[in-house]
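Visitor: I would like to learn how to read a model such as this one, beginning with its surface and working inwards. Could you take me through it?

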Amino acid sequence: MRLRNVEAGDIEAYVRMRCDEAMMAELGGPLPREKVEARLRKDIELAAADSAWIKVIVPDGAEDGGAAGTITLWQDEEDGAVVTEIGWMVLPEYQGRGLAKAAVRELLDAAAEDGRWGEVHANPGVTNGPSNGICRALGFRLLGERDLDFADRMLRTNHWVVTPGEHTGSGTE
């Protein structure tokens, strides 16, 4: 598995991830395609400016650089303070292979080396067992449940936090 910056050719993977009812079940349901296309354009700009890390997860053997999913590290304002968040999505045919966990670990390792991100927060839905399991396995601390606005939708999430460099950086369960 490797990570690469998002690019315009990733539109179909973006649409598959964000316009699909099953993929978006934990995030309040599918988004309209036009919103997803606009999001991709914005993500490409943010990645190019290095103000957010928006990476495509490329599985081993995908010589065309095809996407298995995405992982993003960005900063946002929350209660008047800047916080760093991480989020990931993996297409159904690639789920269960450890790609998301490996991608989270790799991005946290890079954030530890970079030094500018501070604590990293993750907010998977309370019923999203796989994503909560990744947080638990990589040493995130569970701060509790909370309601969070995502794409103008209120979601019930688990609020996890980790300091890059203090997460589980290697090994498997």
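Guide: Let us begin with the surface: the protein chain of this predicted model has an accessible surface of about 8,900 Å², and carbon and sulfur atoms contribute 48% of that area.

Visitor: How many charged side chains of each sign does the protein chain have, and how far apart do the centres of the two sets lie?

Guide: There are 19 positive and 31 negative side chains in the protein chain, and the centres of these two sets are 2 Å apart.

Visitor: What does the radius of gyration say about the overall form of the protein chain?

Guide: One compares the value with that expected for a compact globule, which for 173 residues would be near 16 Å; the protein chain has 15 Å, and so agrees with that expectation. Along the principal axes, the C-alpha trace spans about 35 × 35 × 30 Å, and 45% of the 173 residues are buried.

Visitor: Which elements make up the protein chain, and in what order do they run?

Guide: Four helices and seven strands form its secondary structure, and from the N terminus on they follow the order β-α-α-β-β-β-α-β-α-β-β.

Visitor: Is helix H1 mostly covered or mostly open?

Guide: Helix H1, residues 11-18, is mostly covered, with six of its eight residues buried, namely Ile-11, Ala-13, Tyr-14, Val-15, Met-17 and Arg-18.

Visitor: What covers the buried residues of H1?

Guide: The cover includes helix H2 (33-48) together with strands E2 (53-58), E3 (69-78) and E4 (81-90).

Key
Residues numbered from 1 in each chain as written. Predicted model: local features only at pLDDT ≥ 70, side-chain atom pairs only at ≥ 80, totals over all residues. Heavy atoms only, no water. Helix = DSSP H or I, 4+ residues; strand = E, 2+ residues; numbered from the N terminus. Rg over C-alpha atoms; globule rule 2.2 N^0.38 Å. Buried < 20%, exposed > 50% of the residue type's maximum accessible area, 1.4 Å probe, protein only. Areas by Shrake-Rupley, 256 points an atom, 1.4 Å probe, with all protein chains shown as cover. Lys, Arg positive; Asp, Glu negative; His and termini not counted. Charge placed at Lys NZ, Arg CZ, Asp CG, Glu CD. Contact = heavy atoms within 4.5 Å.
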